[in-house]
Amino acid sequence: MWNTTTYEEKLGEKLKEQFGKERGEELYTQYTTARNTLVADNFFSEIKAKEANLTDHSERHICDVLNNVEKLLGEQIEMFTGIELYCLALVVLFHDVGNIEGRDGHNLNIADTYNFVRKKEPRYNHERAVVIKAAQAHCGKAKDGGRDTLKDLDEVGNLEGEKIAFRDIAAILRFADELAEGNQRTSNFMIERHKYAEKSEIFHLYAQMTEVFIDRQGGRIVLTYNIDIDSAQHNAESLKKLLEFIYVRIIKLDEERRYAKYYCDILVPFKKTSIQFNFSKDGLPTNLDIGKIEIHDRFPVPGEMDPDLESFQNRFKELKIDDLLGSLFEKETIKTIEDGKTA
């Protein structure tokens, strides 16, 4: 059973605003038909059957991502046309369908499901190309083998004869998907009974204890980790492993925040990631309070911070001083020797 999201309600309004009542309703029906086909066919449930140890990728996840999109955009949703919101909704709908073929490379396995939903009707050929390209960029590798997938996309595209902010759409989907974490993506029963594969269990533990708050007005993403230590099951080593995993996820999410807003101006207001840890033991709060931690886009004051030469040289390897000196002085020595022989 699917409950229409407020994003989808806005989508229907904006389509009629852009195309008129008849055509707008027709386009909205095209979207809901695709959505309802996947839901009614139990498609998302079959992903769980194929990849039993994944965190949730059912229609709940799709709904969660749509809600995240709306929260990321806030009032700025009015800046998007109906066809842009239509494209974004379809990209959300199809971005994870490739998991039906297995987790590895799932972002590259979208076409078969899309063709099933759209019955290979030629009128959807251009839509298919647009949706697949944007959806593929939510993870995986770029054409050059790196991780910067958004740079491969055109900044502007078109759909239904109208201009769309193509790269913005892909960036918003990518960030909204990254933020789709929480208890709704796992099963407490399965965790307690250790029913998930050992290598996947930590992902479910992470989902179980994570709360995500998208605060556009406050310019931040808030991550809260509620960690309850069970004396009968947990020890220092298991907590160390869990905290290391959480730290890696925090770093990744903050990277995605900065990455998404680099390519999408509408996400620029998100200037920081706030992190809060709430520790309890056997269900009772501890007196450990480490306060709020923030990773933010610091205002740079020229000359205030010592330059990090090592990081700079690691980033631009062709400017490594030792290598440059080695090359320059080696050439000078060779030239001196050769000049001496000539003399």
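Helices here are DSSP runs of type H or I with at least four residues, numbered from the N terminus. Keep in mind that the model is a predicted one.

**Exercise 1. Work out how Lys14 and Glu17 are placed in helix H1, and whether each is buried or exposed.**

Start with the helix. Lys14 and Glu17 both belong to H1 and sit three residues apart, about one turn of the helix. Next, check the pairing: the closest N and O atoms of Lys14 and Glu17 are 3.7 Å apart, and the two form a salt bridge. The cut-off for that is a Lys or Arg side-chain nitrogen within 4 Å of a carboxyl oxygen of Asp or Glu. Now the accessibility. Lys14 has a relative accessible area of 5%, so it goes down as buried. Glu17 comes out at 59%, so it counts as exposed.

**Exercise 2. Find the salt-bridge partner of Glu13 and say how far along H1 that partner lies.**

The partner is Lys10, and the N to O distance is 3.9 Å. Glu13 and Lys10 are about one helical turn from each other, because they are three residues apart in H1, which runs over residues 6-19. As for Glu13 itself, a relative accessibility of 46% makes it partly exposed.

**Exercise 3. Repeat the analysis for Glu244 and Lys240, then say which residues share a salt-bridge network with Lys10.**

Take the distance to begin with: the side chains of Glu244 and Lys240 meet in a salt bridge at 2.7 Å, N to O. Then the spacing. Helix H11 covers residues 236-263, and Glu244 and Lys240 are about one helical turn apart because four residues separate them in H11. Glu244 is partly exposed, at 43% relative accessible area, and Lys240 is partly exposed, also with 43%. Back to Lys10: bridges with shared partners tie Lys10, Glu13, Lys14, Glu17 and Glu78 into one network. By the salt-bridge rule, the count comes to 25.

**Exercise 4. Describe how H1 packs against helix H5.**

Get the geometry down. H5 spans residues 82-94, and the axes of H1 and H5 come within 7 Å, crossing at roughly 140°. The crossing is left-handed. Then list who touches whom: from H1 come Tyr7, Leu11, Lys14, Leu15, Gln18 and Phe19, and they meet Gly82, Ile83, Leu85, Tyr86, Leu88 and Ala89 of H5. Notice that Lys14 turns up here as well as in the bridge to Glu17.

**Exercise 5. Do the same for helices H4 and H8.**

H4 takes in residues 59-73 and H8 residues 166-178; their axes come within 8 Å and cross at roughly 115°. This crossing is right-handed. On the H4 side the contact is made by His61, Val65, Asn68, Val69, Leu72 and Leu73, and on the H8 side by Ile172, Leu173, Phe175, Ala176 and Asp177.

**Exercise 6. Locate Ile293 and say which residues join it in a nonpolar surface patch.**

Ile293 lies in strand E7, residues 292-296. Leu288 and Ile290 join Ile293 in a nonpolar surface patch of about 250 Å². The relative accessible area of Ile293 is 37%, so the residue is partly exposed.

**Exercise 7. Sketch the chain as a whole.**

Count elements: 13 helices and seven strands. Along the principal axes, the C-alpha trace spans about 90 × 60 × 40 Å. Of the 343 residues, 42% are buried. The chain exposes about 19,400 Å², with carbon and sulfur atoms supplying 52% of that.

How values were computed
Residues numbered from 1 in each chain as written. Predicted model: local features only at pLDDT ≥ 70, side-chain atom pairs only at ≥ 80, totals over all residues. Heavy atoms only, no water. Patch = residues over 30% accessible without salt bridge, like charges linked within 9 Å, V, L, I, M, F, W, Y side chains within 5 Å. Areas by Shrake-Rupley, 256 points an atom, 1.4 Å probe, with all protein chains shown as cover. Helix = DSSP H or I, 4+ residues; strand = E, 2+ residues; numbered from the N terminus. Buried < 20%, exposed > 50% of the residue type's maximum accessible area, 1.4 Å probe, protein only. Axes fitted to C-alpha atoms, helices over the stretch in contact; angles between N-to-C directions. Left-handed = near helix turned anticlockwise from the far one by under 90°. Contact = heavy atoms within 4.5 Å.
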